[in-house]
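Thanks for making time this morning. I would like to walk through one model with you, taking a glutamine first and the aromatic side chains after that.

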Amino acid sequence: MIECPERCNECIWLSADERWRIQLHCQEETLACLKAEWDALLPASDADQFFAQHAWQQLWWRHFGHDYVFRVLTVRDRSGKLAGIA
């Protein structure tokens, strides 16, 4: 069993093989837990723009997310380093 790096205890492992670990997070607290990794990942991404920033996503969720079900998908390499987020 692979332990959730965010320690949310509500995540669902969608895939875990020798190369990638794909995880679905269902708790809003995950956003805060991912802040440092998200901020480090984005500058190296083609999606490095204002609306993809952690601060914007957290602000949007806080003000407009009440009508939606929270879901965040993370992809990590085998060392546990964040490689992607949706």
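**A glutamine and the aromatic pairs**

Gln58 is partly exposed, its relative accessible area being 25%, and please keep in mind throughout that what you see here is a predicted model. The place of this residue, Gln58, is in helix α2, and, once its neighbours within four places in sequence are left aside, Gln58 is in contact with Leu31 and Ala32. Staying with Gln58, the C-alpha to C-alpha distance to Glu28 is 9.1 Å, although 30 residues separate Gln58 and Glu28 in sequence.

Let me turn to the rings. How many aromatic pairs does the structure hold? There are seven aromatic pairs, and one of them joins Phe50 and Trp56, with 5.3 Å from centre to centre and 50 degrees between the planes, which makes this a tilted pair. As for accessibility, Phe50 has a relative accessible area of 46% and is partly exposed, and Trp56, at 27%, also counts as partly exposed because buried would require under 20%.

The rings of Trp60 and Phe64 are likewise tilted, since their planes stand at 45 degrees, with the centres 5.8 Å apart. Both Trp60 and Phe64 lie in helix α2, which covers residues 54-64, and they are four residues apart, about one turn of the helix. Trp60 has 31% relative accessibility and so counts as partly exposed.

Finally, which residues form one aromatic cluster? Trp60 and Phe64 belong to it, together with Trp61, Tyr68 and Phe70.

How values were computed
Residues are numbered from 1 along each chain as its sequence is written. This is a predicted model: local features need pLDDT of at least 70, side-chain atom pairs count only at pLDDT 80 or more; totals for chains, interfaces and linings use all residues. Side-chain values use heavy atoms; hydrogens and water are left out. Rings of Phe, Tyr and Trp (its six-membered ring) pair if their centres lie within 6.5 Å; planes under 30 degrees apart count as stacked, over 60 as edge-to-face and the rest as tilted. Buried means under 20% relative accessible area, exposed over 50%, partly exposed in between (1.4 Å probe, protein chains only). Helices (H or I, at least four residues) and strands (E, at least two) are DSSP runs, numbered from the N terminus. Contact means heavy atoms within 4.5 Å.
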